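Me: Hi! Could you help me understand the terms people use for a protein model, and how each one is decided?

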Amino acid sequence: MADALQAQTDAGPVDPGSAEQPRSVESTVQVSHGPAFLCGRPLGEILRETAKLPEEKLAEALAQQAEKGGRIGEVLLGLKSITEEQLFQALAYQLDLPFSAKLPVDEITPELIQKLPINFAKQAKLLPLRVEGDRVVVATGDPLDTALLDHARMLLEAPVTPLLAPPQAILDAINQVYDRAANEAERLMDDLAAEDLDSLAHELEEPQDLLDAADDEAPIIKLVNSLLFQAVKERASDIHIEPFERDLSVRFRVDGVLREKIKPPKRFQKAIASRVKIMGNLNIAETRLPQDGRIRIKIAGRDIDIRLSTVPTTHGERIVMRLLDKSAVLLDLAEIGFSKDQLVLMDSLIHRSHGIILVTGPTGSGKTTTLYAALSKINTTDLNILTVEDPVEYQIKGIGQVQVNPKIELTFASGLRSFLRQDPDVIMVGEIRDLETAEIAIQASLTGHLVFSTVHTNDAPGAITRLVDMGVEPFLVASSLVGCLAQRLVRVVCKECRVPYQPTAEELSEMGLPPTALRDAAVEHLWRAVGCSNCNGTGYRGRTGIYEMMVVSDDIRQQILQKVDSNTIKKTAIAQGMRALIHDGAAKVLRGITTSAELLSVTQEDLL
C-alpha cells in the first residue's frame with residue numbers, strides 16, 4: 001500500500017509507469033469509476049469532493065505532514081478524518097482505476113486460486129477475481145507496485161488488470177476464498193466412486209502408501225482436510241469421529257453442543273483413522289490401546305493446534321480432536337461476561353500480593369480462558385509470572401509457561417515446587433488435583449506469592465470443602481484462600497433471528513426472578529431463539545460466561561475453621577452480597593444476551 005499512498009500527495013499526480021493499464025471491468029460486484037475530471041487531481045481535492053472532507057481537516061493534515069512528514073492519506077487516516085474505504089476510492093479516482101469496497105467471493109474462479117499460493121496472496125494483499133478475455137482481473141491495494149503485478153502475472157500465466165480495493169477487504173476475501181474448500185466434504189463423499197474407495201481403504205492400512213500418495217490420488221486426505229477446514233470455519237471446539245456397527249458418524253461441537261456433519265460409509269473407517277493418526281504421529285498399527293497425539297496445521301492463515309485422542313471401541317477406534325486456535329486474541333475480563341461490579345471485585349483480587357484465587361466449574365466451562373484473561377490483565381514487566389498447565393493452550397508473551405509431562409515425572413506438584421526457586425510473583429497451576437499440589441500451592445501463597453488455580457466443583461463455596469476433603473487443614477485454607485469464582489458458559493442468542501416474547505410468572509420463578517422482574521429492570525420482553533443461516537439453525541452464536549464470585553471474608557474464614565458445610569457458607573456469602581450463578585445468568589437473560597431455556601439448561605444442578 002505504501003507506493004499507492006505515495007502516488008499522490010497534494011503536489012500532483014504520479015505517473016504509474018510500467019504498471020498494466022486497466023481495461024473495463026464488468027461484474028455483478030459493485031465497481032465504481034470516478035468522474036473523468038477527478039483523474040490526476042491532487043488527493044486532497046478528490047477527498048474534498050468525494051468524502052466531503054472539510055477544508056479545516058485537510059489544512060490540519062497538511063500542517064501535520066509538513067511538521068512530521070508522511071503521506072497525506074496516512075495522515076488523514078491517523079487523524080480519523082477519512083475512512084480506509086474513502087481513501088482507496090479517492091486513489092482509484094486519481095489513478096483512473098476501477099474500485100470495489102467488497103469483493104465477489106462467490107464469483108472468484110477456483111482455477112485462479114489454485115495457481116496463487118495463499119502465503120503470497122496474503123503477503124502481497126492481492127487476489128485474482130476472474131478472467132476477462134486474455135487477462136486476469138486482480139484486486140490489489142497497491143496498483144503501482146509493478147514488481148508485485150509481475151509476480152502475479154507469472155504465477156497466473158496471464159497479463160493482469162488491477163482493481164483497487166481496501167487491503168482489509170482483500171484479506172477478508174482471501175480467507176473466505178481459500179476456506180471454501182471447507183464446504184467440499186459432502187461433495188467429496190458423493191464424487192468418489194465406491195470401487196475406488198474400497199481399494200483406497202485397503203491401501204491406507206499401510207502408512208507408506210498414504211504418506212507417498214499424491215494429493216490427487218488420496219481422496220481421504222482431501223476429506224479429512226475438508227472436515228478440518230469446515231470445523232475451523234464453524235468455530236467448532238471438537239471433532240468426534242465415531243464408529244458404529246454399520247456406519248461412521250462425524251460430529252462437531254459448536255458452542256458446547258454436538259451436531260452431526262456427515263456419515264461416511266463404514267468402509268472408510270480405517271482409512272480416515274489412519275490418516276488422522278499419521279497427522280498426529282501416532283502408531284497406526286496399534287488399534288487396541290488408547291493413544292494421544294498432537295496435530296499442528298494452518299488454515300486460511302490461522303495457526304490451529306489440535307489435541308488428538310483415540311480409544312478402541314467394539315466397532316473400531318473412536319477419535320476426538322480438540323481444536324485450539326493459536327491466533328485467537330486473548331479476551332479481556334470485560335469481554336467474557338463479567339459485570340461492572342464483578343470486574344471491580346475481580347480486579348481487587350488479582351492485584352493482591354499473595355493468596356490463592358480458585359476458579360471452579362465443570363470441564364469446558366471456560367476456566368482457563370478466565371485465568372488467561374486475569375493473567376493478561378496483571379502481566380507487566382515488573383512481575384515474574386509462571387504457569388504450569390496441562391496442556392499450554394495459548395502462548396502469552398512475557399509469561400513463563402510449562403507443560404506437565406507425567407512420563408518424565410513433571411507433574412503439577414513437581415513443577416510448582418520448582419517454580420518456588422524461580423523467584424515468582426504470580427503462579428498459575430492448571431488444576432489442583434491432589435493433596436500434594438494443594439499443599440504446595442497453599443505454602444506458596446503463605447510465603448508471599450499470588451496463586452491462581454482451578455478445581456472441579458459446582459459452585460464457589462464447594463471449592464473450600466473440596467480442599468478440605470483432599471486433606472488440607474482447614475486453618476491453612478482459611479489463611480490462604482482470598483476468593484473463589486464459579487462459572488458456566490451459556491450460548492448467546494443470535495441477534496439476526498431472535499424473537500421477543502412475554503415470559504410467564506412460572507418461567508421467571510424458575511430463574512429466581514419475581515413476577516415484576518421485567519418492570520423492575522425496565523425491560524419490555526425477553527428473547528427466544530429461532531434459528532437462521534447466520535447461526536446454522538441453532539438460534540445461538542457464540543458463548544459468554546455467567547459467574548458466582550465469592551470473596552473470603554472474616555465470617556467465612558470462621559466457618560471454614562468450624563468445618564461447616566458448603567451450603568452454610570453459600571448462605572453467608574449471599575447475605576454478604578454474592579450473586580449466585582443462576583441470578584447472574586438471569587440478569588443476562590433480562591439484558592437479551594441469552595435465553596431462559598439456555599440458562600436453565602446449564603444451571604440445573606443449582607435448582608436441585
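**Two helix pairs and a proline**

Reply: Gladly! Let's start with a contact: Ile-220, Ile-221, Leu-223, Val-224, Asn-225 and Leu-228 in α13 meet Ala-271, Ile-272, Arg-275, Val-276 and Met-279 in α14. Contact means heavy atoms within 4.5 Å, and helices are DSSP runs of H or I with at least four residues, numbered from the N terminus, while strands are E runs of at least two. This is a predicted model, where local features need pLDDT of at least 70, side-chain atom pairs count only at pLDDT 80 or more, and totals for chains, interfaces and linings use all residues. Residues are numbered from 1 along each chain as its sequence is written, and side-chain values use heavy atoms, leaving out hydrogens and water.

Me: What kinds of residues make up the contact of α13 with α14?

Reply: They divide into 9 nonpolar, 1 polar and 1 charged. Ala, Val, Leu, Ile, Met, Phe, Trp, Tyr, Cys and Pro count as nonpolar, Asp, Glu, Lys and Arg as charged, and the others, Gly among them, as polar.

Me: How do the axes of α13 and α14 cross?

Reply: The axes of α13 (residues 219–233) and α14 (residues 269–279) come within 10 Å and cross at roughly 65°. Therefore α13 is roughly perpendicular to α14, as that name covers 65 to 115 degrees (under 35 is roughly parallel, over 145 roughly antiparallel, the rest oblique). The axes are lines fitted to C-alpha atoms over the stretch in contact, with angles from 0 to 180 degrees between N-to-C directions.

Me: What makes α17 roughly parallel or roughly perpendicular to α18?

Reply: The angle decides. The axes of α17 (residues 412–419) and α18 (residues 435–446) come within 8 Å and cross at roughly 20°, so α17 is roughly parallel to α18. Phe-412, Ala-413, Leu-416 and Arg-417 of α17 make the contact with Glu-436, Thr-437, Ile-440 and Ala-441 of α18. These residues divide into 5 nonpolar, 1 polar and 2 charged.

Me: Why is Pro-143 called buried or exposed?

Reply: Its relative accessible area is 2%, so Pro-143 is buried; buried means under 20%, exposed over 50%, and partly exposed in between (1.4 Å probe, protein chains only). Pro-143 lies in the loop between β2 (135–140) and α8 (146–156). Pro-143 and Pro-162 are 19 residues apart in sequence, with 6.1 Å from C-alpha to C-alpha.

Me: How many of the protein's residues count as buried?

Reply: Of its 608 residues, 50% count as buried. The protein has 27 helices and 18 strands.
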